[in-house]
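Work through the following exercises with the coordinates open beside the text. Each task is followed by a solution that proceeds step by step.

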Amino acid sequence: MEINWVRELKDEGSTYIKNVFSIREINLLEKIINHMKKTENIYSGMNPFVTNKNRSGGYIGGYTPGKQVRLTKNGKLIIKIFQNKFKKYFKEIFKNKNHSSIYFENTMYFECFPNCEEQEIHLDITINDRDGDRLKFWKESKKGESGAYIIIIPLTDSTTEMGSTNYYKTKFWNELTKNELEELYAKQNNSINSYNKNNFGYLKDWSGSIRNKLEKNKKIKDVFKGDIQIQNTMSLHAGGKNKTNKIRKYILQWVVFSKNNINILNKEKIIKI
């Protein structure tokens with residue numbers, strides 16, 4: 001039975017959709033990225049909130065920290081493919097919502113090598129608004145006024161054995177008592193990133209009622225070439241351990257929405273609903 005992905009995304013904070021891309025299209029995306037790796041400057045970048053062992057990642061299509069820069073030729077091609085493929089899904093996600101700006105933000109490419117370690121449970125809040133006020137953006141995101149979705153496009157199969165992402169349903173937050181919430185946030189004091197503490201430690205390090213609620217809300221699926229995963233910024237998650245001898249490859253695409261009218265340098269990135 002096919003899942004109602006719109007409802008799952010709204011109720012649980014993450015979802016997956018099968019067979020969005022053909023194998024031919026996935027192979028084309030991988031071919032474009034391989035060409036970019038040979039001909040373009042790729043700015044190395046990993047998630048700053050977690051420990052990354054045996055993983056590599058970078059920004060593709062043109063990137064300079066803190067600045068808007070022109071897309072490369074290949075960057076434009078990838079965005080054009082995504083515009084065409086995701087249009088009908090964006091219409092559902094942003095139905096009946098009035099946002100002045102919806103656009104593709106950073107495009108990233110990752111490889112998780114054999115024995116790639118499991119990540120700590122964390123949130124992805126790495127997008128500043130154009131005034132650089134991250135806290136303001138975070139508050140608006142909680143109210144649904146501004147925020148982001150993350151789309152993961154596997155370029156290889158992404159089975160649980162290969163380290164498919166572990167997600168935790170967003171209702172987890174509402175199930176916590178006041179004391180549990182304080183305990184959860186206290187864990188951030190040990191975060192490896194002092195600026196924005198989104199690291200909540202490994203699942204194995206938790207016990208008692210919080211561990212029980214995490215386990216109850218945990219979900220993980222085998223995801224294959226052609227499928228996509230979508231998550232919002234309130235979705236706790238953790239990349240799994242790659243227990244195989246294969247490399248797991250995927251594109252991670254940020255989609256940002258804001259109640260404010262934001263000036264976008266690359267008009268190709270603007271999403272029109």
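**Exercise 1. A salt bridge at Glu268**

Is Glu268 buried, partly exposed or exposed, judged by its relative accessible area? Then place its salt-bridge partner in the chain.

*Solution.* The model is a predicted one, and every value below is computed from it. Glu268 has a relative accessible area of 34%, and since the class between buried and exposed runs from 20% to 50%, Glu268 is partly exposed. The side chain of Glu268 meets that of Lys76 in a salt bridge, with 3.6 Å from N to O. Lys76 belongs to helix H3 (residues 73–93), whereas Glu268 lies in the segment after S10, so the pair ties together parts that are 192 residues apart in sequence. Lys76 is likewise assigned to the partly exposed class, with a relative accessible area of 39%.

**Exercise 2. Two salt bridges of helix H2**

Determine which parts of the chain are joined to helix H2 through Glu30 and through Lys37, and assign the burial class of the residues concerned.

*Solution.* Side chains of opposite charge can pair when their charged atoms come close. The search of the whole structure gives 13 salt bridges, and two of them are taken up here.

1. Glu30 and Lys249 meet through their side chains at 3.2 Å, N to O. Lys249 is in strand S10 (residues 248–258) and Glu30 is in helix H2 (residues 23–39), so this salt bridge ties together parts that are 219 residues apart in sequence. With a relative accessibility of 17%, Glu30 counts as buried, because the limit for that class is under 20%.
2. Lys37 and Glu111 form a salt bridge as well, again at 3.2 Å from N to O. This pair links distant parts of the chain, with Lys37 in helix H2 and Glu111 in strand S4 (residues 101–112), 74 residues apart. Glu111 counts as buried at 10% relative accessibility, while Lys37 is partly exposed at 42%.

**Exercise 3. The seven-stranded sheet**

What is the order of the strands in the open sheet of seven strands, and which strands stand at its edges?

*Solution.* The order is S1-S8-S5-S10-S4-S3-S2, and the pairing is antiparallel. Strand S1 (14–17) and strand S2 (43–44) each have a single partner strand and therefore stand at the edges, where one side of each is left without a neighbour in the sheet.

The pairings of strand S5 (residues 147–154) can then be followed on both sides. Eight bridges join S5 to S10 in the antiparallel sense, and within this pairing Ala148 has Val256 of S10 as its bridge partner. S5 also runs antiparallel to strand S8 (residues 228–232), to which four bridges join it, and here Ile151 stands opposite Ile230. Further along the order, strand S3 (residues 55–59) and S4 run antiparallel and are joined by five bridges, with Gly58 opposite Tyr109 of S4.

To complete the picture, add helix H3, which lies across S1, S4, S5, S8 and S10 and runs at about 120° to S4.

**Exercise 4. The two faces of S5**

How many of the eight residues of S5 are buried, and which of them point each way?

*Solution.* In a regular strand the side chains alternate between the two faces of the sheet. Gly147, Tyr149, Ile151 and Ile153 point one way from S5, and Ala148, Ile150, Ile152 and Pro154 point the other way. Eight of the eight residues of S5 are buried, and the strand is accordingly described as mostly covered.

**Exercise 5. The three-stranded sheet and a helix pair**

Describe the open sheet that contains S6, and then the packing of helices H6 and H7.

*Solution.* The three strands follow the order S7-S6-S9, with antiparallel pairing. Strand S7 (218–219) and strand S9 (236–238) each have a single partner strand, so they stand at the edges and one side of each lacks a neighbour in the sheet. Strand S6 (residues 166–168) pairs with S7 over two bridges, and Tyr167 has Lys219 in S7 as its bridge partner.

Helix H6 (residues 178–186) and helix H7 (residues 208–217) pack at an angle of about 85°, with their axes 10 Å apart. Because the range from 65 to 115 degrees counts as roughly perpendicular, H6 and H7 are placed in that class. In the contact, Glu180, Glu183 and Leu184 of H6 meet Ser209, Ile210 and Lys213 of H7, which by class gives two nonpolar, one polar and three charged residues.

Notes
Residues are numbered from 1 along each chain as its sequence is written. This is a predicted model: local features need pLDDT of at least 70, side-chain atom pairs count only at pLDDT 80 or more; totals for chains, interfaces and linings use all residues. Side-chain values use heavy atoms; hydrogens and water are left out. Two strands pair if DSSP finds at least two bridges between them. Axes are lines fitted to C-alpha atoms, for helices over the stretch in contact, and angles run from 0 to 180 degrees between N-to-C directions. Angles under 35 degrees count as roughly parallel, over 145 as roughly antiparallel, 65 to 115 as roughly perpendicular and the rest as oblique. Contact means heavy atoms within 4.5 Å. Ala, Val, Leu, Ile, Met, Phe, Trp, Tyr, Cys and Pro count as nonpolar, Asp, Glu, Lys and Arg as charged, and the others, Gly among them, as polar. A salt bridge is a side-chain nitrogen of Lys or Arg within 4 Å of a carboxyl oxygen of Asp or Glu. Buried means under 20% relative accessible area, exposed over 50%, partly exposed in between (1.4 Å probe, protein chains only).
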